[in-house]
Amino acid sequence: MSTNSIDSLLHESRRFPPTAEFSAGAIAKPEIYDEAKADRVGFWADQARDLLHWHKPFTETLDWSGAPVARWFGDGELNVAYNCLDRHVESGNGDRVAIHWEGEPGDTRSLTYAELTAEVKRAANVLAGLGIGKGDRVAIYMPVIPEAVVAMLAVARLGAVHSVVFGGFSSESLRSRIDDASAKLVITADGGWRKGKVFPLKAAVDGALAAEGSTVEHVLVVRRGENEVEWSEGRDLWWHDEMAKVAAEHVAEGFEAENPLFILYTSGTTGKPKGILHTSGGYLTQVAFTHKNVFDLHPERDVYWCTADVGWITGHSYVVYGPLANGATQVMYEGTPDTPHPGRWWELIEKYKVSIFYTAPTAIRSFMKLGREIPDGFDLSSIRVLGSVGEPINPEAWIWYRDVIGAGTAPIVDTWWQTETGGIMISALPGITTLKPGSAQVPMPGIKIDILGEDGTRVDPPQGGLLVVSEPWPSMLRGIWGDPERFRETYWSRFSAGDTWKYFAGDGAHVDSDGDIVLLGRVDDVMNVSGHRLSTQEIESALVSHPMVAEAAVVGAADEATGQAVVAFVILRSDQEGAQTVDEASTILRAHVAQQIGAIARPRQVFIVAELPKTRSGKIMRRLLQDVAEGRELGDTTTLTDTSVMQIITDKLN
């Protein structure tokens, strides 16, 4: 982000206090901050008891003796699926709709809590019959359909561990995640709908399992796309056939609060994705608390919609676990926002009378580009709370979102959190906070955030620095799967000393004169593309795997639509020079990256260059390439081995 952008954010003067009417009916009251500050650990214990059902009540709230691995509610036992399902049925809310699902072609399905519970019970029996039990890992690779939620909850019900892989990832990416987690079972679909076509999923699973030595014993396949699939007898099983064979009843047993719930892979600067591990009691406590208070959820009357795919952490926390733990009614949509027409999302808000809408700045900017005429053609009057997630939202997009989608009255909660944090860490509370466009604003009650300088000292407002979490929080990651040393090195080594542990988030932030936090994005080599974190190293590795490529450097360049876009600089092997035109080579390599990693990683541009800018120690100076990609004047080049390289690159690309 440029200095001018930072200055404009820090001097944002527009303010939007909550209305008296909204504040009077809001879930969160101003005293919540004082309560949390007076006894932070006790505050979280109260939330855990108030929001969740415990099979065995806990007596110990936080054990930090094994830092940086925390134990929250360690001697308690609960069942995550029971908290999301059975207890709502038992309390008389079984007839409440849990999910209004809409397929991209227009097919629909609404599931009540009673119906969803019944499906999860059967699915749990199917999985148990396939040998899945406590601690076993199950990979889930599915479109946004109800069965994806059923699968996740069935795994959780058995005390097993799910690893959901975004359906847009390639078979190579899927295989690496299956192998790392040693998954016993894969749950997938024949295909899913996207942009008017069925994209195959089962074929990618087959490719991922083609190599010898896989730990996968069975593949459960949901019929969705009605497309042709290859079939491995004995290994592959149709979901609907297996569901028809099992008993309807399943009793949920309690598991330890620290029982692993899921592994979710996120990109890292070293290229190999990190398997972020989350456990049960603390995670469910924080996502239920934040979902209820950040979105001011009144489950008896609200209709909530988070547009995230279940393959990302937002889908885990704010499509599956948070909303269902709170007994919410929500919308799920399979397709893209512009299919079958550019008003599809607004059509669904009108149809289901969505009152709480949570999406990414990328989507908001895309709609801005199309113009307000499209949303103005639909009745969005049901909207009363808007949310933003995935990356910082610039003030003008914030204002457009409020004025056009929120009718100039709906409060916007701009949330900051990560795969690693599990739940929302910084956000306004809509009935309390005076809102400021472009600023995430304040830590959640019970969360301790600091902005530090490079030397580890706290910066005073208005200054910038590095964002850290200074005290353990319930939904924090418990490790990187199979790699405790990497966990310590990646997240805890920068500012921790002695018995003091500080989690470094990898994000830069400013504190303005009001004490509000303005997020500035990643400070490492991880790009944020449409709210999805992608490793430069991972994409560079994919490029170099192509026989044309000798060397590659990847940067994230500012992009109006996606926040950041992937831009690659590639040196071709000498025997490949002239084999294709520059345009042909670029097209081939863009497609290759999409095939290796997934379409989300496809470079916006691939520049063919003769050399890359390197320091005397051999490090590629990506910031200089980013200057080129963003059309800026070059920064300091004095540390380069050959200072003429950047001029050659610039001249060639202009």
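Here are three short exercises on a predicted model.

**Exercise 1. Work out whether I276 is buried or exposed, and which residues surround it.**

Start by placing the residue: I276 sits in strand β15, residues 274-279. Next, check its relative accessible area, which is 0%. Buried means under 20%, so I276 counts as buried. Now look at the neighbours. Leaving out residues up to four places away in sequence, I276 touches F262, I263, L264, T266, T419, E420, L477, G479, I480 and Y491. Take G479 from that list: its C-alpha lies 6.2 Å from that of I276, though the two are 203 residues apart in sequence.

**Exercise 2. Find how β4 and β5 pair, and which residue of their hairpin has a positive phi.**

First get the direction: β4 (residues 97-102) and β5 (residues 108-112) are antiparallel, with five bridges. For one concrete pair, go to H100, whose bridge partner in β5 is S110. Then step into the turn. Five residues lie between the strands, and G106 has a positive phi near 110°.

**Exercise 3. Trace the open sheet that holds β5 and β4, and say what packs on it.**

Follow the order: β5-β4-β17-β16-β18-β19-β20, seven strands with mixed pairing. At the edges you'll find β5 and β20 (412-414), each pairing on one side only. From one strand to the next, the twist averages 15°. Inside the order, β16 (residues 303-306) and β18 (residues 356-359) run parallel, joined by three bridges; C306 has Y358 as its partner in β18. Finally, add helix α17 (residues 395-405), which packs on the sheet and touches β18, β19 (385-388) and β20. The direction of α17 makes about 150° with that of β19.

Terms used:
Residues numbered from 1 in each chain as written. Predicted model: local features only at pLDDT ≥ 70, side-chain atom pairs only at ≥ 80, totals over all residues. Heavy atoms only, no water. Helix = DSSP H or I, 4+ residues; strand = E, 2+ residues; numbered from the N terminus. Buried < 20%, exposed > 50% of the residue type's maximum accessible area, 1.4 Å probe, protein only. Contact = heavy atoms within 4.5 Å. Pairing = 2+ DSSP bridges. Axes fitted to C-alpha atoms, helices over the stretch in contact; angles between N-to-C directions.
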